[in-house]
Amino acid sequence: MEKMAPLTTHTIHASLFPTLPNASFQPFFSNQLRALPLSSSSSSSLTAAKRFSSSTCRPIKCSVSEATEPKAEKKKQLLRRGDVRNIAIVAHVDHGKTTLVDAMLKQTKVFRDNQFVQERIMDSNDLERERGITILSKNTSVTYKDTKINIIDTPGHSDFGGEVERILNMVEGILLVVDSVEGPMPQTRFVLKKALEFGHSVVVVVNKIDRPSARPDFVVNSTFELFIELNATDEQCDFQVIYASGIKGQAGLSPENLAEDLGPLFESIIRCIPGPRIVKDGALQMLVTNIEYDEHKGRIAIGRVQAGTLEKGLDVRVCTSEDSCRFGRISELYVYDKFNRVPADSVEAGDICAVCGITDIQIGETIADKVSGKPLPSIKVEEPTVKMSFSINTSPFVGREGKYVTSRNLRDRLYRELERNLAMKVEDGETADTFVVSGRGTLHITILIENMRREGYEFMVGPPKVINKKVKEQLLEPYEIATVEVPEEHMGAVVELLGKRRGQMFDMQGVGSEGTTLLKYKIPTRGLLGLRNSILTASRGTAILNTIFDSYGPWAGDISTRDQGSLVAFEDGTSTSYAISSSQERGQMFIGPGVDVYKGQIVGIHQRPGDLSLNVCKKKAATNIRSNKEQTVILDTPLDYSLDDCIEYIQEDELVEVTPASIRMCKNPKITNKKTR
């Protein structure tokens, strides 16, 4: 008897055989199911097979659009709008979300044929363009075959997971973009988990299918296994798969047969993602999920109208809860059309709109009917895991470069950030001029620091610290799942580094044909602080590190994050070539000649443990003896540390001084525990 092919999700997935009748592969499936070994190790395969059995026993269609309505919702007589689709595009960082949105905008004729359009047009923020990442979620809309598709581009970094959690309140379905080589990554898991909890429909887009080492079968199988792990329903597991190349603007139902455009992707959105569920004749309800600010219009609230009709000039009730309500008026109303906000007189339930006129509106509040309006459940996001202290600048150079330097300026700006950034928390510190800012990760807080710096603020920040918990007298700390993609020749150095930081490896596998290995670790968040630069050094700049919060676990013990001390300036003055030439023998320098320094400023990395004070302002003694020829001084190129690098570098007794023009590091004068040699 001929040996049967191994059972894979790609082989039997109903959505991948849109042309086959149900009966044509039903006997094949049952034969395969009988061939499965009934061992404990294959229980997950059997579970997967049973789920597929349930989805293959009926005619092939997008089951998510046919999902049964809960009984409670039938009482409210909820209707579906057929002319609107609200979708969020979610993925791990660098899997091609924003590039895919670019192609969708171009192919739906949002821009003129002769119009110049820059790359990643949705990344409109300067900081987003410089770093090549999405930081803030953005709305746009396209029209395909008389159906309006509201698209929300979301960040991929786990530090900005709060943005994604908010956005999922506005949509009915998601496009889960997965790289054709890497497959599901930590952030893929996080956003998919949240979407499945909301009960959203999912269309999986295997992007970058044109990569030479693409492995679509593995990626689809891994994605299906992820659905099973996250306890998805049978309907959610029966997802549509689209293979696409965002940069070429092509998509198809199979990796070998791509259409000339993204038509199959648009068709799948309309067919597999249901229209918004609305109460058409009910009392007005709109949950505010995002806020923008305009110099002329003030605060602009963005959200989806859940029930009723919102009209320009309408008097409304703004509710935080049943008890606390206030009244306001809608002065202007906008809907998203192509790449712009367009004025509208009224917006029906199910559409996403922007509202002006309520000056003190906050994220999570409900705009409701003036007479009978009731609040919707408020938005909840996960708790922060890392905190940093912000304080006023106390260095001798205070006020030279910054516009806002007082503690009142700092307080106002930090508390203003809370209005938009729900995943962040700000508390008063030990002194009146110190504030503790908590966020999802170091990058989350670093982006705030960089934005404040560009706005003209001058301040100091301390090293990042993890937020611990105490449960039943036991100290718990946050743990994260770290995935490291590294070439095989550098794997030993990376494994040793992660081991020193209390990381525990639980998976290792080869990736594609490029000779790289994927390592997965569970590691304390403390061990990740300052790890990125160390891993790049150990792997000669080739490793890729991704992390995402997992859970709280027992305290892992002491972790040494830095073996070397700092070189500290001995006195105020201007650095000289003569002094630096002798100082660079002690370690690597951060400064060159002709730079103003002050006592206590960190000017380099000591090559040994412990700090070393040295004089970088020393001048060569001028004498009247000319017998010796002047020696030529050769200086090493100083290290150029970015803001992220500085925050990774500093330890408990050190601070980063942030000004609009420069970033310096210094010893914290309040902490004198660590003696300098």
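**Exercise 1. One face of a helix**

Which residues of helix α12 (residues 407–417) are buried? Work from the predicted model, and explain how the buried positions are arranged.

Solution.
1. Go through α12 and pick out the buried residues: N409, L410, R413, L414 and E417.
2. Look at their directions around the axis. They cover an arc of only 120°, which puts them on the same side of α12.
3. Compare this with helix geometry. An α-helix has 3.6 residues a turn, so residues three or four places apart point the same way.
4. Find what lies over this side. The cover of the buried residues of α12 includes the strands β20 (386–392), β21 (425–428), β22 (434–439) and β23 (459–461), together with helix α13 (442–454).

**Exercise 2. A glutamate in a loop**

Place E172 in the chain, decide whether E172 is buried or exposed, and list its contacts.

Solution.
1. E172 sits in the loop that runs between α7 (161–167) and β5 (173–179).
2. The relative accessibility of E172 is 9%. Buried means under 20%, so E172 counts as buried.
3. Set aside the neighbours within four places in sequence. E172 is then in contact with N86, H200, S201, I273, P274, G275, P276 and R304.

**Exercise 3. Salt bridges**

How many salt bridges does a search of the whole structure find? Describe the bridges of K465, K667 and E657.

Solution.
1. The search of the whole structure gives 26 salt bridges. As background, side chains of opposite charge can pair when their charged atoms come close.
2. Start with K465, which pairs with E652; their closest N and O atoms are 3.2 Å apart. This pair links distant parts of the chain, with K465 in strand β24 (residues 465–466) and E652 in the loop between α18 (643–649) and β36 (654–658), 187 residues apart. K465 has a relative accessible area of 37% and is partly exposed.
3. Next take K667, whose salt bridge is with D611, at 2.6 Å between the closest N and O atoms. Here too the pair links distant parts of the chain: K667 belongs to strand β37 (residues 663–667), D611 to the loop between β34 (602–606) and β35 (612–614), and 56 residues separate them. Both K667 and D611 are buried.
4. Then take E657, which bridges to R664 with the closest N and O atoms 2.9 Å apart. E657 is buried at a relative accessible area of 0%, and R664 is buried at 13%.
5. Finally, check for shared partners. Salt bridges join D611, D653, E654 and K667 into one network.

**Exercise 4. Cysteines**

How many disulfides does a search of the whole structure find? Give the exposure class of C319 and of C325.

Solution.
1. The search of the whole structure finds zero disulfides.
2. C319 has a relative accessible area of 0% and is buried.
3. C325, at 31% relative accessibility, counts as partly exposed.

**Exercise 5. Confidence**

Where in the protein chain is confidence lowest, and where is it highest? Begin with the chain as a whole.

Solution.
1. The mean pLDDT of the protein chain is 78, and 82% of its residues reach 70 or more.
2. Confidence is lowest in helix α2 (residues 22–34), with a mean of 34, and highest in β23, at 93.
3. Over residues 1–61 the pLDDT stays under 50, and the model has 78 contacts beyond four places in sequence for them.
4. Residues 673–677 also have pLDDT below 50; this stretch has eleven contacts in the model beyond near neighbours in sequence.

Notes
Residues numbered from 1 in each chain as written. Predicted model: local features only at pLDDT ≥ 70, side-chain atom pairs only at ≥ 80, totals over all residues. Heavy atoms only, no water. Buried < 20%, exposed > 50% of the residue type's maximum accessible area, 1.4 Å probe, protein only. Helix = DSSP H or I, 4+ residues; strand = E, 2+ residues; numbered from the N terminus. Arc of directions from axis to C-beta. Contact = heavy atoms within 4.5 Å. Salt bridge = Lys/Arg side-chain N within 4 Å of Asp/Glu carboxyl O. Disulfide = S-S within 2.5 Å. pLDDT = per-residue confidence, 0-100.
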